[in-house]
Amino acid sequence: QSKKEGLGRALAYTAEMDAATREKLELEKGLREALEREQFEVHYQPQLDMFGNLIGSEALVRWRHPERGYIPPGVFIPVAEENGLINPIGSWVLRTACRQNRAWQLEGRAPVPVSVNLSIKQFEQPNLVEIVQSALADSGLTPQYLELEITESMAMNAAATEGTLYLLKALGVKVSMDDFGTGYSSLSYLNRFPIDKLKIDQSFVRDLFKEESGASIVATIVAMAHHLKLSVIAEGVETREQLEFLREQKCDQVQGYYYSPPLKPEAFSRFWDELENGTKKG
Ligand code: C2E
Ligand code: MG
Ligand code: MG
Ligand code: MG
């Protein structure tokens, strides 16, 4: 009896493993073709200051799979990081975002930075600086309008973080610390690394009023950022209450569904127009 059950469990387990392995192989195969078949898109999420002005955007990659529809980056980026495809994909995102941001400027819009996420694999590429440089040169985007997002764990684990960051900063681009507060317990890197901005992780914003400590944590991060002369943006802002709290704390910027999800470039342009025409909520 129990032997039989054990066998059943083992078989079920194997079937599950098979399904997971098959899925990963599928994704890998698809990813290899996705670049040349132009199945990636970059969507842009608006970033606003506390007066409701647009002050930037974050570029977020999407995979428009021919059969499965949009596959979110959380699903395919880990696979791409494992098989090395993240480097060409990441370079494509970088070039696309620079080109798009330059195109908005050429339309006569007020220039604002575009923020691009880097994977640790990209960060460790020996020619990362050249890749960034050529994305800027080819698009004609001025370096101050490009921001690169790294994470705490990346900063702590990459082979040559400090040197790479200083070289990137020397180009004139900005660097921000994404998902701040979730990655690493030591704050000593804040003095060591040339960082411009902290991005408060969305989990802290989500729990703002849920736990007693929620509000203290967010208030403390904002105050700390300002003491260190860094600017600070809150991610994942979904409600007016969260926005009001962040405003009281003198947080500089916000990003989240309260204003807008990530948008295709055309929709982003419309959002921007509506904001400037004052037809959008403040
Ligand atoms: P992230 O850089 O922290 O990006 C923010 C994520 O939060 C995005 O998810 C965005 O759509 C989502 N988000 C924005 N506002 C809200 C909100 O109000 N509520 C909630 N619940 N979520 C919100 P997305 O686009 O699925 O990206 C997930 C992660 O994938 C990103 O987290 C980033 O780590 C990674 N990623 C995205 N694009 C790229 C890329 O081009 N390169 C690399 N290396 N990583 C990327
Ligand atoms: Mg990010
Ligand atoms: Mg984040
Ligand atoms: Mg993240």
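**Ligand 1 and the magnesium site in a predicted model**

In this predicted model, Gln45 places a polar side-chain atom 3.0 Å from a nitrogen atom of ligand 1.

Student: What makes the pair formed by Gln45 and ligand 1 a polar contact?

Tutor: The cut-off for a pair of N or O atoms is 3.5 Å, and the Gln45 atom lies 3.0 Å from a nitrogen atom of ligand 1; the pair therefore qualifies. A side-chain N or O atom of Glu238 is 2.5 Å from a nitrogen atom of ligand 1, and a polar side-chain atom of Gln202 is 3.0 Å from an oxygen atom of the ligand. Of the 810 Å² of accessible area that ligand 1 has on its own, the protein covers 80%.

Student: Which residues are the protein donors of the magnesium ion (ligand 2), and what makes them donors?

Tutor: They are Glu58 (OE), Asn117 (OD1), Glu149 (OE) and Asp178 (OD), at 2.0 to 2.3 Å from the ion. The limit for a donor atom is 2.8 Å, so these atoms count as donors. Asn117 belongs to strand 4 (residues 114-117) and Asp178 to strand 6 (residues 174-180), 61 residues apart.

Student: Why is Asp178 called buried?

Tutor: Buried means under 20% relative accessible area; Asp178 has 7%, so the term applies. Asp178 also bridges the magnesium ion (ligand 2) and the magnesium ion (ligand 3), which lie 4.1 Å apart.

Student: Why is Asn117 called partly exposed?

Tutor: Its relative accessibility is 27%, which lies between the limits of 20% and 50%, so Asn117 is classed as partly exposed.

Notes:
Residues numbered from 1 in each chain as written. Chains lettered and ligands numbered in written order. Predicted model: local features only at pLDDT ≥ 70, side-chain atom pairs only at ≥ 80, totals over all residues. Heavy atoms only, no water. Donors = N, O, S within 2.8 Å, 3.2 Å for Na, K, Ca; no water. Helix = DSSP H or I, 4+ residues; strand = E, 2+ residues; numbered from the N terminus. Buried < 20%, exposed > 50% of the residue type's maximum accessible area, 1.4 Å probe, protein only. Polar contact = N/O pair within 3.5 Å; in protein donor to acceptor, adjacent residues only side chain to side chain. Areas by Shrake-Rupley, 256 points an atom, 1.4 Å probe, with all protein chains shown as cover.
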